[in-house]
Amino acid sequence: MARRNDDAPPTTSKSQETRDSAVQALPETRGDTLFGRTVTINRSRAELYEYWRDFARLPTFMENVVRVDVPSRELSHWVVKAPGGKTVEWDARITEEKDGELIAWASSGDADVPNGGRIEFQDAGTRGTIVTATIVYDPPAGVLGKLIAKMFQREPAIQARRDLRRFKQLMETGEVATSSRTRAQLEEEKA
Amino acid sequence: MRALTWHGKHDVRVDTVDDPEILNPRDAIIKITSTAICGSDLHLYDGFIPTMKAGDILGHEFMGEVVETGPGSTLVKGQRVVVPFTIACGSCYHCGKHQYSACDNGNPADNQDIGMELYGQPMSGLFGYSHLTGGYAGGQAEYVRVPFSDVGPIVVPEGLDDDDVLFLSDILPTGWQAAENADIEPGDTVAVWGCGPVGLFAVQSAFLMGAARVIAIDHFPRRLELARKFGAQTINFEESKTYEALMEMTGGIGPDAVIDAVGLEAHGFFVDNVIDQVKASLFLGTDRIHSIRQAIVACRKGGRVSMPAVYGGIVDKFPLGAFMEKGLTLKTGQTSVQHYMPALLNAIVEGKIDTTFLISHRMSLEDAPKGYKMFHDNQNEVTKVVLKPGFTETAVAAE
């Protein structure tokens, strides 16, 4: 474990060593790229947890996720958009769960984009709930793949950041904000 | 429908585009009856606001009739409404505190990245004002899609004309918030830089809040005349030295509160990604924050600085020392329009605030490009252009 001299989350560390040790601290590691993002949502912990735990509903705010099949309480199958109009798929398993507090997952080892992480829900008093996503993933096909993914806005960290904002919008306002003017524009934006 | 679209510097056109549709439950579609060109639209016209795209529909001061509603809207077809230029959800932490212009959710998720990069946290969505603030189509059109229509639009009571209430959408609340941010105490002398619409409404508001004296600063004679009409004393900075005049007019003390209603004009939108583009004109650029710099220097010790003026980025030669040493307080921000609308509508009904004086020109939507050019070229005579999509005749100047 790297020596820590402050209280900042390891996902914000300048030290690769600290970030690596945060990756190792996850129950099952699926990659080497660490991403963390926190958002405060003006809703109760129970309400947010319940919505998120029903994985089949995640595509309502995860724009890149085409579909999540849920064959059992622990297992899920993900179909996700990839650059160039393609999709990638993987199976994921819940590795840890605390009702109303925490969901951790890991993809199967042979996933197209190996990934794992956890979503934590903490009470924030009158401000609602603090939702923290910590995600570790293996960028698709190395540096070049990552660059391509970024160009097509499919980079997992960019997506996760935006998905969390959409989750907040959906939970707080009942809808995902769009500046499209017509249905055709909205479809194009989502494609 | 017909709509005023942006195509580049000094290039706006009225195009035929697809009608807006209901996309989310809380949406409403408004048929525009009146929409104004704002001074800040000229920043877009002059091409100084980044993240504009060809074809973007402009306009953030508008009102009209409800013609379609989503299942979550509280509006009813046929109602006449004025729409705030800030798009706020009404349910986030900031909306709960009535900080509507800081709404977390009005700006679509993908658009928030750039605001995060530039400002640390993304700002709310605005109508017709670049993709930095959401990329929403504006109201200089026949129809507009209004998100969160259960929170923003205010229903206009019977007996009021469009011209009476249109400015509730932006400039009246903005002038009012500017005066409120000056924390005016009874007997205060308040100095206002800029006698455009916001400055003129700030003059009226400052008196309503108890200012004994308001000193208005500009260089357009017609605008200074309007300020004088509302009881302000004036300084024409082309004829007098502003700082010296203010000191002499306040017994050597300086104004108790200062309001900068000028802002970036056309040159100051110093966003990181356009800095290189404007580097050549950096001298001009830095000069353009002249008003806030002068306001800080003129303000009395322990006084208050209110800044409704729009600034975009990083400025140069900000008098931080004067600000600190004199112990000044600065309040600023985009206007939380929704917070002020009901009380200001009452003030209009009760005749406490005059709004229609401002309108110098009324014209059809088809003539909008001409309206932009007139407003841009002649800010002395043209104080406010109101576009009426229903109008068939060409430009009609107010009596």
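Which backbone oxygen does the side chain of Arg223(B) reach at 2.6 Å? That oxygen belongs to Gln379(B), and the sections below place this arginine, the interface of chain A and chain B, and two residues with positive phi. This is a predicted model, in which local features need pLDDT of at least 70, side-chain atom pairs count only at pLDDT 80 or more, and totals for chains, interfaces and linings use all residues. Residues are numbered from 1 along each chain as its sequence is written, chains are lettered from A in the order in which they are written, and side-chain values use heavy atoms, with hydrogens and water left out.

**Arg223(B)**

- Arg223(B) lies in helix H7 of chain B, residues 221–229, where a helix is a DSSP run (H or I) of at least four residues, numbered from the N terminus.
- Arg223(B) is buried (under 20% relative accessible area, 1.4 Å probe, protein chains only) yet has no salt bridge (a side-chain nitrogen of Lys or Arg within 4 Å of a carboxyl oxygen of Asp or Glu), the nearest side chain of opposite charge being that of Asp218(B), 5.3 Å away.
- Besides Gln379(B), the side chain of Arg223(B) reaches the backbone oxygen of Val382(B), at 3.1 Å.
- Leaving aside neighbours within four places in sequence, the residues in contact with Arg223(B) (heavy atoms within 4.5 Å) include Cys195(B), Pro197(B), Leu200(B), Phe375(B) and Thr383(B).

**Interface of chain A and chain B**

- The contact takes 25 residues from chain A and 34 residues from chain B, and the buried area, which is the accessible area (1.4 Å probe) lost on putting the two together, summed over both, is about 2,500 Å², with carbon and sulfur atoms giving 44%.
- In chain A, Arg165(A), Glu175(A) and Arg181(A) lose the most area to chain B, together 30% of what that side buries.
- The rule finds 7 salt bridges across this interface, and Asp113(B) forms a salt bridge with Arg162(A), with the closest N and O atoms 2.6 Å apart.
- Helix H4 (156–173) and helix H5 (183–190) of chain A each supply at least two residues of the side that touches chain B, and H4(A) gives the largest share, 9 residues.

**Positive phi values**

- Most residues other than glycine have a negative phi.
- Phe148(B) has a phi near 45 degrees, sits in the loop between strand S9 (143–146) and strand S10 (154–155) of chain B, and is buried, at 2% relative accessible area.
- Asp183(B), also not a glycine, has a positive phi of about 45 degrees and is found in the loop between helix H5 (171–181) and strand S11 (189–193) of chain B.

Terms used
Buried < 20%, exposed > 50% of the residue type's maximum accessible area, 1.4 Å probe, protein only. Lys, Arg positive; Asp, Glu negative; His and termini not counted. Polar contact = N/O pair within 3.5 Å; in protein donor to acceptor, adjacent residues only side chain to side chain.
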